[in-house]
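Thanks for coming, everyone. Let me put the model up on the screen, and then I will go through a pocket and a surface patch.

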Amino acid sequence: MSQIRKQSIISSVVVYIGFALGFFNTYLFTKNGGFTREEYGLTGIFIAIANIMFSFANLGMATYIGKFYPYYNDNLPKKRNDMFTWALLISLIGFCFVAITGFVLKDMVIRKFGQNSPELVKYYYWLYPFGLGLTLYSILEIYAWQLKESVFTTFLREVLFRVFTTILILLTFAGILAKFDVFIKIYSYTYIAIAVILAAYLIVKGDLHITFTVSIVTRKFFKKIITLVSYVFGGLLLYSIASVFDSILIASVLKEGLAGVAVFSLAQNVASLLQAPQRGIIASSTAALAQAWKDKDIAKINRIYHRSSINQLIFAVGMFALIWLNFTHGIFTFHLQKGYIDARWVFFFIGLTRIIDMGTGVNAQIIGTSNLWKFEFFTGIILITLTLPLNYILTKYYFGILGPAIANLFSFTIYNALRYWFLKKKFNLQPFNSKTVYTLLLGLGSFYLCYFLFDQFHGLLWIIVRSAVFISLYISLTLFLKLSPDIIPVWHTLLKRLRLKKEPAVL
């Protein structure tokens with residue numbers, strides 16, 4: 001667990017650095033005199049559609065790597081390990097089918113988006129290099145996780161990708177990139193750039209080899225691999241569609257669709273702050289879970305499940321309360337365009353969804369690396385059955401851009417409840433205890449205390465004061481109550497690094 005904890009913490013720090021860059025980019029996109037809401041919304045819809053492209057194109061190879069890497073690693077030398085070769089080749093074939101389908105269906109896209117989101121139709125073909133780059137990078141990233149390179153992959157996705165975006169924005173403001181047209185065309189190649197960097201890094205380290213010789217491991221597990229990817233691919237595909245359907249729906253059915261996507265994207269980007277520990281924990285725990293299932297080490301799986309749940313919940317609850325305290329103040333203090341105030345309640349419901357998802361721990365990774373991974377497919381069907389009609393009805397007829405946030409809160413609550421029930425019934429695994437309740441109560445109490453004390457005060461100084469008081473109260477009581485077994489070791493390590501705690505004398 002110490003290795004997982006170490007990589008998770010480092011990855012989380014890297015993610016927060018990336019989020020700082022992301023917020024700077026968001027500010028540049030949304031400030032008065034910056035990009036239009038339609039232009040910012042277009043970057044958001046690029047990301048949503050690229051994720052769907054990857055979900056189709058990878059044909060289950062992401063799960064194949066995560067589940068079977070321990071068997072390849074234990075039985076083959078590096079140069080004869082053919083896992084990455086097949087994963088890359090099949091994903092590229094899958095992307096070719098995605099591209100062909102996209103060309104065939106272009107007229108339908110024009111009909112669906114031409115009136116409300118004409119910018120998407122204009123730059124339709126530039127979606128393909130963006131989607132290809134995400135597909136290549138994601139396969140490389142998942143393979144690198146198995147090599148214990150989660151920190152570097154997190155740096156590339158969360159920091160370097162945003163650095164490239166920052167450079168493009170600043171070049172546009174400086175007039176070096178003449179107009180948004182040039183910006184978006186170069187932006188479409190950013191994932192390809194970080195994919196090339198990751199591939200070069202793994203090749204230099206001697207961890208990436210291409211071999212078309214079918215190994216004994218591939219032959220032995222071929223039928224199981226096909227069965228696995230058939231079911232899990234379908235489940236993850238449905239999950240991915242459900243996760244990004246909201247932005248695509250807004251662009252399609254609402255007037256000024258991309259402007260609505262911009263508001264929704266702002267709320268999503270702010271809510272993503274809650275997920276920093278989740279990304280690091282998933283990246284560092286996936287390989288450990290796969291190995292634990294192989295070794296039939298249920299006790300280790302249970303420890304990872306419990307700790308991932310409480311650690312993520314502590315971060316998510318604290319960050320949600322901190323952002324909600326300052327959301328409206330931040331919009332006006334930093335002079336964002338007036339229309340972005342509508343993102344406030346969108347963030348509220350998305351944030352609650354993130355808390356539920358993180359509070360249930362790495363349940364998806366536990367199921368996906370187990371022998372009962374077929375359950376992912378069936379829960380994926382349930383999720384999309386709930387999500388798609390609810391999103392459409394609530395968005396088109398009732399709540400506008402708030403509709404997807406409300407629909408997703410309901411759908412993902414049911415989805416996580418089913419996974420909780422499954423792990424409890426099949427393996428007697430469940431992540432909650434009394435510390436879960438204490439964390440929720442601590443978040444509520446700290447929020448309302450700071451709200452009643454400081455909400456009537458405005459400006460940057462009072463944002464800092466509110467935040468400082470909340471953080472001090474929340475962290476000190478988290479330490480005092482010992483809500484997580486990882487909190488105290490991390491705190492002691494931090495004190496030592498800051499030279500605030502002396503090492504015990506050695507006699």
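What volume does the second largest pocket have? About 770 Å³, where a pocket is an open set of points on a 1 Å grid over the protein atoms alone, at which a 1.4 Å probe fits, with protein on both sides within 12 Å along at least five of seven lines. Before going on, I should say that this is a predicted model, in which local features need pLDDT of at least 70 and side-chain atom pairs count only at pLDDT 80 or more, while totals for chains, interfaces and linings use all residues. Residues are numbered from 1 along each chain as its sequence is written, and side-chain values use heavy atoms, without hydrogens or water.

Turning to the lining, which takes in residues with an atom within 4 Å of a point, there are 23 residues, and those closest to the centre of the pocket are Ile52, Met108, Val109, Phe113 and Ile248. Among the helices (DSSP runs of H or I, at least four residues), α11 gives the most to this lining, with 6 residues. By class, the lining has 19 nonpolar, 3 polar and 1 charged residues.

On the surface, there is a nonpolar patch with about 1000 Å² of accessible area together, including Val437, Tyr438 and Phe480; such patches join nonpolar side chains within 5 Å, from residues with over 30% relative accessible area and no salt bridge (a side-chain nitrogen of Lys or Arg within 4 Å of a carboxyl oxygen of Asp or Glu). Helix α19 gives the most to this patch, with 7 residues.

Key. Points joined across faces, edges and corners; volume = space filled by probe spheres on them. Helix = DSSP H or I, 4+ residues; strand = E, 2+ residues; numbered from the N terminus. Nonpolar A, V, L, I, M, F, W, Y, C, P; charged D, E, K, R; others polar. Patch = residues over 30% accessible without salt bridge, like charges linked within 9 Å, V, L, I, M, F, W, Y side chains within 5 Å. Areas by Shrake-Rupley, 256 points an atom, 1.4 Å probe, with all protein chains shown as cover.
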